[in-house]
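User: I've got this model open and I'd like a close look at one part of it. Could you take me through one helix and what packs around it, and then show me how that part sits in the rest of the protein?

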Amino acid sequence: MAGGFYIENSTGGKEEYSLKMPYLILVSSVAAMGGLLFGFDFAVISGTIPFIEKYFVLDEATLGWGVGSLSLGCALGALISGKLTDKYGRKKILILSALLFTVSAIATAFSETFTIFILSRSIGGLAVGAASLLSPIYIAEIAPSHLRGRFVSLNQLSIVLGILLSYYTNYLLIDTGENNWRWMFATQGVPAVLFFVCLFIVPESPRWLL
């Protein structure tokens, strides 16, 4: 056994719940997908800038607004997700963030106006803000205390992998025609849907349950 946690039962005693290492790694890896999408969403726009600038006819100020709208949503997501996760649980808000990642990817890819583009990216920012807060919290609360630092580092690794993945997909899609920027944003939907589905197989944080 890798470690465990205790929950007080109805008689006042404590029952130990132990988790095997492969299961801990699986659950932590699922939560760390929030970090992967964090990195992907932040970096993917770098490859689309020349194309969205031309498509939406943007000047320097509006282009900056288009790029920075994700950060605005991120700040709001981080601000409100703490209260929400304390009330409804880590798992439910992570599922919500995965859903927002998916909606943002699809809506951004199909944006026909700059206003829709901004709104879509801001929705993605909400998801980024929530995931940046909740993924490491969830991993820290599910991991045994003596392995907590190692497990939480999975989230940091996932952020870097997300950035790398976005650069690689942008590189592969750059010569796919005038709608290449749409495909660049749409590819985020694949890991977002996978994150959403996998979250249903992980347990709620034992610390939150207590």
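Analyst: Let's start with the whole thing and then zoom in. Of the 210 residues in the protein, 47% are buried. Keep in mind that this is a predicted model. The protein has nine helices and two strands, and along the sequence the two strands come before the helices, in the pattern β-β-α-α-α-α-α-α-α-α-α. Taken along the principal axes, the C-alpha atoms fill a box of roughly 65 × 30 × 25 Å. If you take the contacts between residues at least 6 apart in sequence, 77% of them join residues at least 24 apart.

The helix I'd pick is α5, residues 114–142. Let's take its partners one at a time.

Begin with α1, which covers residues 21–44. The axes of α1 and α5 are 9 Å apart and make an angle of about 150°. An angle over 145° counts as roughly antiparallel, so α1 and α5 fall into that group. Their crossing is left-handed. On the α1 side, the contact is made by Leu24, Val27, Ser28, Ala31, Ala32, Gly34, Gly35, Phe38, Asp41, Phe42 and Val44. On the α5 side, you'll find Arg121, Gly124, Val128, Ala131, Ser132, Ser135, Tyr138, Ile139 and Ile142. Sorted by class, the residues of this contact come to 12 nonpolar, six polar and two charged. If you're wondering about the spacing in a list like that, residues three or four places apart on an α-helix point the same way, because there are 3.6 residues a turn.

Now for α6, residues 148–173. Here the angle with α5 is about 155°, again with the axes 9 Å apart, which makes α5 roughly antiparallel to α6. This time the crossing is right-handed. From α5, the residues that meet α6 are Ser135, Pro136, Ile139 and Ala140, and from α6 they are Arg148, Phe151, Val152 and Asn155. By class, that contact has five nonpolar residues, two polar and one charged. Ser135 and Ile139 are worth clicking on: both belong to the contact with α1 and also to the contact with α6.

Stay with Arg148 for a moment, since it gives you a feel for the length of α5. Arg148 lies in α6 and is partly exposed, with a relative accessible area of 35%. Leaving aside neighbours within four places in sequence, Arg148 is in contact with Ala140 and Ala143. Now look back to Ile116: Arg148 and Ile116 are 32 residues apart in sequence, and their C-alpha atoms are 41 Å apart in space.

Ile116 also takes us to Ser111, just ahead of α5 in the loop between α4 and α5. Ser111 is buried, with a relative accessible area of 0%. What does its side chain find there? It reaches the backbone oxygen of Ala107 at 2.8 Å, and a polar atom of the Ser111 side chain lies 3.2 Å from the backbone oxygen of Thr108. Not counting residues up to four places away in sequence, Ser111 touches Tyr55, Phe56, Ile116, Phe117, Ser120, Trp181 and Arg182.

Go back along the chain into α4 and you come to Leu100. Leu100 is partly exposed, with a relative accessible area of 22%. Apart from neighbours within four places in sequence, Leu100 is in contact with Ile123, Leu126 and Ala127. Leu100 is also 8.6 Å from Ala192, C-alpha to C-alpha, although 92 residues separate them in sequence.

Ala192 brings in α8, residues 189–198. The buried residues of α8 are Gly189, Pro191, Ala192, Phe195 and Cys198, and they pack against α1, α4 and α7. That brings you back to α1, the helix that packs against α5 at about 150°.

One last stop, for contrast with Ser111. Val57 sits in the loop between α2 and α3. At 71% relative accessibility, Val57 counts as exposed, whereas Ser111 is buried. The phi of Val57 is near 55°, a positive value in a residue other than glycine.

Technical notes. Residues are numbered from 1 along each chain as its sequence is written. This is a predicted model: local features need pLDDT of at least 70, side-chain atom pairs count only at pLDDT 80 or more; totals for chains, interfaces and linings use all residues. Side-chain values use heavy atoms; hydrogens and water are left out. Axes are lines fitted to C-alpha atoms, for helices over the stretch in contact, and angles run from 0 to 180 degrees between N-to-C directions. Helices (H or I, at least four residues) and strands (E, at least two) are DSSP runs, numbered from the N terminus. Angles under 35 degrees count as roughly parallel, over 145 as roughly antiparallel, 65 to 115 as roughly perpendicular and the rest as oblique. A crossing is left-handed if the near helix is turned anticlockwise from the far one by less than a right angle, and right-handed if clockwise. Contact means heavy atoms within 4.5 Å. Ala, Val, Leu, Ile, Met, Phe, Trp, Tyr, Cys and Pro count as nonpolar, Asp, Glu, Lys and Arg as charged, and the others, Gly among them, as polar. Buried means under 20% relative accessible area, exposed over 50%, partly exposed in between (1.4 Å probe, protein chains only). A polar contact is a pair of N or O atoms within 3.5 Å; within protein, one must be able to donate a hydrogen and the other to accept it, and residues adjacent in sequence count only if both atoms are side-chain atoms.
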